[in-house]
Amino acid sequence: MTTEDRFSMSAEKYLAKHNILVYLEDSVAQLLEHREENPKTNAVKFFSEYFNSLRDGNHTMFREYNFVQATPHNRASFVRLFWKCYRQIGKKGDLLSIQEYHSLLSLLCPDFPFEPVQKTARIILLDDALDCLISFADFIYAFQVQFYYEEFMEKCHEIYLSLMQTQRSPRDPVVVPSGTEDTKVHQNSHHPSDGVDAMQYFRAVYPLCDRSTFSTPPGNCLKEILFNVPRVSFYGFLMALAKSESINEHIGRLPPKAELLEGADSELTSPTIRMKTKMRPVSATGNSKLSTDRVSSTQNVHTTQPSSGSLSSHSTKGKNSHVNTKKLKKRKDSSDESSSDTETDSSDDTN
């Protein structure tokens with residue numbers, strides 16, 4: 001969005017477009033929840049950490065699914081988070097099942113449903129091969145378009161089924177009683193598996209780009225896909241969306257496919273915000289890299305608390321006070337020993 005577009009919008013439209021109220025309400029709700037555990041939580045520091053995490057895209061880590069899919073920014077950030085955490089799988093060349101990919105997603109979002117993963121697999125494998133293994137690169141780009149454009153793809157499926165239905169009606173032969181055996185019956189030459197006319201499908205789908213309240217691909221990207229083929233199937237259309245570099249640039253979270261596995265793994269720190277469900281941390285301080293080992297079943301989520309986080313202040317103070325007490329005791333014992341040695345030396349000199 002350009003500066004002119006931003007200032008030409010009304011305040012209400014700007015707040016709605018960028019989902020500002022969603023984040024304001026969530027930040028206040030999270031602050032109140034944290035204050036129940038730690039009444040001394042600094043509100044200014046908490047909000048600073050919350051919105052820094054929101055800016056960096058780490059705010060969806062370990063959050064509930066309703067929050068993860070609540071806004072386009074959340075969805076795109078979660079896709080990038082998944083890539084940063086598990087791209088080591090792609091570097092190793094491992095192939096995983098959809099159950100294993102769901103387990104990996106559940107480590108970042110414990111209540112992440114299985115249905116979006118199934119739909120992602122259908123884009124790559126179709127219905128008759130859901131038990132096959134999938135590479136990380138194929139999964140991540142298909143998952144991106146499925147998760148980010150979920151509502152748009154549901155509408156496209158409805159439109160596709162409607163067009164298929166209109167195609168089927170003239171295909172059925174009409175038998176005229178007065179006809180002879182030699183009478184030729186005209187039938188549509190296209191088989192249902194051939195899909196629908198690409199231009200007709202484009203004309204039906206394109207209006208969604210301007211009238212929808214949910215995220216949609218740019219119209220130019222749809223033209224690139226549908227103007228180059230005479231006919232298109234639904235899953236062929238979805239696969240083209242997943243492979244489109246233009247759409248990947250439009251979402252703006254994943255690198256191009258050629259650079260997907262390049263670069264060093266960056267360290268991730270868990271955000272200040274935690275889910276209400278209790279999770280067992282691996283360590284109390286410092287940063288840690290999230291594990292990228294192959295996962296075949298949902299495990300406990302491993303996270304680290306930020307060193308400046310308010311939730312660990314009590315335990316840190318308790319440990320420090322315990323250590324200080326020990327140090328004072330040692331100092332006192334050493335001073336007593338030195339004083340007793342001095343008295344012994346003085347008595348020896350007197351004698």
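Here is a walk through this structure, from the overall picture down to a few individual residues.

Keep in mind that you're looking at a predicted model. The protein's secondary structure adds up to 16 helices and four strands. Of its 351 residues, 38% count as buried. About 20,500 Å² is exposed, and carbon and sulfur atoms supply 52% of that area. Now take the contacts between residues with a separation of 6 or more: 68% of them come from residues 24 or more positions apart.

Let's start with helix α2, which runs over residues 11–17 and holds L15. With a relative accessibility of 31%, L15 counts as partly exposed, because the partly exposed class sits between 20% and 50%. On the surface, L15 joins L21, L24 and F51 in a nonpolar patch. Together those four residues offer about 310 Å² of accessible area.

Follow the chain on from α2 and you get to the loop that leads to α3 (20–37), where N19 sits. N19 isn't a glycine, yet its phi is positive, at about 55°. That's worth a look, because most residues other than glycine have a negative phi. A second case is F62, also not a glycine, with a positive phi of about 65°. You'll find F62 in the loop between α4 (43–56) and α5 (65–68). Is F62 buried or exposed? Its relative accessibility is 4%, so F62 counts as buried.

Next stop is helix α8, residues 115–125, where L125 lies. L125 counts as buried, because its relative accessibility is 16% and the cut-off for buried is under 20%. Which residues does L125 touch, once its neighbours within four places in sequence are set aside? The contacts are L130, C132 and I134. For a view across the sequence, try M239: L125 and M239 are 114 residues apart along the chain, while their C-alpha atoms are separated by 9.9 Å.

Finally, turn to α11, which covers residues 198–205. At the start of this helix, a side-chain oxygen of D197 comes to within 3.3 Å of the backbone nitrogen of M199. Within α11, the residues A198, Y201, F202 and V205 are buried. Why do these four end up on the same side of α11? Around the axis they cover an arc of only 100°, and that puts them on the same side of the helix.

How values were computed: Residues are numbered from 1 along each chain as its sequence is written. This is a predicted model: local features need pLDDT of at least 70, side-chain atom pairs count only at pLDDT 80 or more; totals for chains, interfaces and linings use all residues. Side-chain values use heavy atoms; hydrogens and water are left out. Buried means under 20% relative accessible area, exposed over 50%, partly exposed in between (1.4 Å probe, protein chains only). Helices (H or I, at least four residues) and strands (E, at least two) are DSSP runs, numbered from the N terminus. The arc is that of the directions from the helix axis to the C-beta atoms. A polar contact is a pair of N or O atoms within 3.5 Å; within protein, one must be able to donate a hydrogen and the other to accept it, and residues adjacent in sequence count only if both atoms are side-chain atoms. Patches are made of residues with over 30% relative accessible area and no salt bridge: like charges are joined within 9 Å, nonpolar side chains (Val, Leu, Ile, Met, Phe, Trp, Tyr) within 5 Å. Accessible areas come from the Shrake-Rupley method with a 1.4 Å probe; for residues, only the protein chains shown count as cover. A salt bridge is a side-chain nitrogen of Lys or Arg within 4 Å of a carboxyl oxygen of Asp or Glu. Contact means heavy atoms within 4.5 Å.
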